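Subject: Handing over the structure

Dear colleague,

Please find the structure below, together with its sequence. Once you have had a look at it, read on for a description of what was found, and keep the picture open beside the text while you do so.

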Amino acid sequence: MAPEKKSLLSGNHNKLLKRRYMAEIRFKWLGITAITIALAFLAFLFISIIGNGYSAFRQTFVQLEVNLEKEHFADPDLSRADYGGIIKSSLRTMFPDVSSRKEKKLLYSLVSSGGAFKLMDMVKQDPKLIGSRFKLWVPADDDVDMLMKGAIDINEPESSRRIKDIQYEWIKTLERGGLVDLKFNTTFFTAGDSREPELAGIWGAAKGSFYTLLITLLLAFPIGVAAAIYLEEFAPDTALTAFIEVNINNLAAVPSIIFGLLGLAIFINFWGIPRSTPLVGGLVLTLMTLPTIIIAARASIKSVPPSIREAAFGVGASKIQTVFHHVLPLALPGMLTGTIIGMARALGETAPLLMIGMVAFIVDIPGSLTDPATALPVQIYLWADSPERAFVERNSAAIIVLLGFLITMNAAAVYMRNKFEIKW
Amino acid sequence: MKGKGLLAACALTAAALVTSPAHANRDYISIVGSSTVYPFATVVAEQYGKTSNFKTPKIESTGSGGGFKLFCSGVGVEHPDITNASRAVKSSEIKKCMENGVKEIIEVKIGYDGIVLANSKKSPQIELSLKDIFTALAKDVPGADGKLMANPHKTWKDVNPELPDVAIEVLGPPPTSGTRDAFVELAMEGGAGKFETLSALKKADGKAFTAVAHTIREDGAYIEAGENDNLIVQKLQANPNALGIFGFSFLDQNADVVQGSIVDGEAPTFENIADGKYPVSRPLFFYVKKAHVGTIPGIAEYLAEFTSEKAWGPEGYLADKGMIPMPDAERKMFADNVKELKPMAAK
């Protein structure tokens, strides 16, 4: 016996044992490295996006003293008055020694063209303002905004920066008088798209996304759940059923642009639904989301134990009563989780929307399902291609908002799974 | 209960589908077309939407070719009213328009766009000739004996002894882009014509010449950087040895980090492009469906806004965005055409 015992602890076995331990340690470290790399990429993504984007939530404003003299409003149509001229004249009163045409142009370019529209809206809402003088904060031009946020280096030669020396002097003068200030950028959350970064907002795109997803949810959820119930509970086990099942699983992996092409051919060219509307977008995304929802719904129906069904049959319930009174309520949490994840994917989709004309410049905020609209990821795509530098930070801010929505939706899915999950 | 809820939801959506005004009147202008004209057309559309009582036009960026395809597919509210283009309409496209009943088209030239080669400000400014551009970027170039051979040039110094000894690395748009079309047509073809053998070929066999002049090398010296010009600007900052090809408005906005290369002795400045001295510039257009004027509200007003001096004039807001205005006489001619809604003559 003794020699055998000794052989267990012999050098050879010790070596083997050591190798097995080493393999385990190596695997553990490989795993830790993989996770660290993944987390580092994620951290890099968040830091770069938030670092670029946080400044877009504030916007530079300039305070002007506007003088709404009565002679500007000779025309009874209030939208015809020269609001731009009023803004310009108040800039001239602030800097009376600016005289040459070129300098005047530089001076006027300090404030955004949005100032005139703001004034117009104020006067239209309250015509009693005509004839009065008051102080008004108007948005500054995007170049001024970039200067205030430190994105323009004033030490560069004058010809290669967008803020000229004389403009820099004016801004410094305004700053000393407390007439320039960074304020919360409400425009970003209330306006539609614009070619002027200081007037651009994501509300139009957010609303477009909302309408599109509303259609998707209303169509994909009932159809998906009904299909799943039929396939799981009622469908006969034939070759046809198997064929349908394989196809649904394949559809879930089809690239989304294909659904866009399909939507273009059927919904727009054949049915004649207007292009660029949330209605057609929602229909296309429904096609894309359906397989995901069906698969998730089937999995959660499958996880309801057969004993529930047998018990229901045992007390005399019909097939349909069994399904709708017992199986469906128990499977619903899993179905909802799958739906939310499918919707989150639909929210982040751009490629199919490209084909149906939702990648478009749309200023007006969509008010119904048939108004032209874009979606949040499309807005990001469009801004990424704009030459103005101020769009870089606005783009990152839009990404922050989109990520916020996605994280909220996924968190809701996780929460529902934990709260309603039934352990058998 | 839940089943009923689902049914109700279905019914609601079905109702929304049925009542959707598929062929009802459209009360906004629908514009498609070139991504080069997009940044200018959108400014006009926004200005028009804010100052008029009409809705802001919807502008899709589909590329010039895609724009014509949609534009020429017919007359009626489901088809776009205007298409933007960074090149003139082709006769094949006019033919397609005619076949689909789009008979009268108004052509409006709006201005010019310069295509620039630029590099990072960390490196010295580069001076090129069109011939250098062709020699550096063509797939096949004439050798010393005049016969075509695969492009052997690795560095700019190989191309022209006066140029710096750095590897040729050019970031540019992919073949689907209108900017690329214009670049090969103006810069590459112009450069190819400087070779005696190639200009002889042009006279003998135009098609063979075009094939040589328009084919960009694929051995890695020319890097297709996608349609996003911002991305090219960023890559140039990261790599001071690379050159990038993009539109003038991006140079204009990023003049603190990149500099335009001098081509044939002319720097890509606003003035040089406007005077026609800078060789790589192209006209921009839009095309209007005459049958839609009066049917879709606001088209005439949009045209008036676009062709007004405050928009496309030398001091206008489009010039601020980087578009190069046309000379006075040309502007007047096109503005008059627009006022009379004069359709273009058949090609």
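Let us begin inside chain B, where strand β4 (residues 105–120) is joined to strand β10 by 5 bridges, the two strands running antiparallel. Please bear in mind throughout that this is a predicted model. One pair that you can look up for yourself is Asn119(B), which stands opposite Leu243(B) in β10(B). Strand β10(B) also pairs with strand β8 (residues 170–172) of chain B, here in the parallel sense and over 2 bridges, and in this pairing Val170(B) stands opposite Leu243(B). Leu243(B) therefore appears in both pairings, facing Asn119(B) in one and Val170(B) in the other, as a regular look at the bridges will show you. Please take that last sentence as a plain restatement of the two pairs rather than as a deduction. Is β10(B) enclosed or open to its surroundings? A residue counts as buried if 20 or more other C-beta atoms lie within 10 Å of its own, and 5 of the 5 residues of β10(B) (residues 243–247) are buried, so the strand is largely enclosed by the rest of the structure.

Stepping back to chain B as a whole, you will find 16 helices and 13 strands, and a C-alpha trace that spans about 75 × 60 × 45 Å along its principal axes. Of the 347 residues in chain B, 44% are buried. If you consider the contacts in chain B between residues at least 6 apart in sequence, 74% of them join residues at least 24 apart.

Two helices of chain B are also worth finding. Helix α2(B) packs against helix α13 (residues 299–306) of chain B at an angle of about 120°, with the axes 10 Å apart, and the two are therefore oblique to each other. The crossing in which α2(B) passes α13(B) is right-handed. On the side of α2(B) the residues that meet the partner helix are Val44(B), Gln47(B) and Tyr48(B), while α13(B) brings Glu301(B), Tyr302(B), Glu305(B) and Phe306(B); by class, the residues of this contact divide into 4 nonpolar, 1 polar and 2 charged.

For a single residue to examine, you might choose Lys277(B), which is found in the loop between α12 (270–274) and β13 (281–289) of chain B. Lys277(B) has 14 C-beta neighbours inside 10 Å and so counts as partly exposed. When its neighbours within four places in sequence are left aside, Lys277(B) is in contact with Glu266(B) and Asn272(B). The C-alpha atom of Lys277(B) is separated by 30 Å from that of Ala304(B), which lies 27 residues away along the chain.

Now to the place where the two chains touch. The contact takes 35 residues from chain B and 35 residues from chain A. On the side of chain B, α1 (2–19), α2 (38–51), β2 (58–60) and α11 (248–253) each supply at least two residues, and the largest share, 8 residues, comes from α1(B). The residues on this side of chain B divide into 14 nonpolar, 13 polar and 8 charged. Strand pairing also reaches across from one chain to the other, since strand β4 (residues 360–361) of chain A pairs with β2(B) in the antiparallel sense over 2 bridges, and Phe361(A) stands opposite Ile59(B).

Within chain A there is an open sheet of 3 strands in the order β2-β1-β3, with antiparallel pairing. The strands β2 (133–139) and β3 (180–184) of chain A stand at the edges, each with a single partner strand, so one side of each is left without a neighbour in the sheet. Neighbouring strands of this sheet are turned by 40° against each other on average, direction ignored. Strand β1 (residues 58–67) of chain A is joined to β3(A) by 5 bridges, and among these pairs Thr60(A) has Leu182(A) as its bridge partner. Helix α5 (residues 114–125) of chain A packs on the sheet, touching β1 and β2 of chain A, and the direction of α5(A) makes about 135° with that of β2(A).

Finally, please look at helix α16 (residues 376–383) and helix α17 (residues 390–420) of chain A, whose axes come within 9 Å and cross at roughly 160°. These two helices are therefore roughly antiparallel to each other. The residues that make the contact include Leu376(A) and Trp383(A) of α16(A), and Phe391(A) and Leu402(A) of α17(A). By class, this contact has 8 nonpolar, 2 polar and 1 charged residues.

With kind regards

Conventions
Residues numbered from 1 in each chain as written. Chains lettered and ligands numbered in written order. Predicted model: local features only at pLDDT ≥ 70, side-chain atom pairs only at ≥ 80, totals over all residues. Axes fitted to C-alpha atoms, helices over the stretch in contact; angles between N-to-C directions. Helix = DSSP H or I, 4+ residues; strand = E, 2+ residues; numbered from the N terminus. Parallel < 35°, antiparallel > 145°, perpendicular 65-115°, else oblique. Contact = placed C-beta atoms within 7 Å. Nonpolar A, V, L, I, M, F, W, Y, C, P; charged D, E, K, R; others polar. Pairing = 2+ DSSP bridges. Buried ≥ 20, exposed ≤ 12 C-beta atoms within 10 Å, placed from the backbone. Left-handed = near helix turned anticlockwise from the far one by under 90°.
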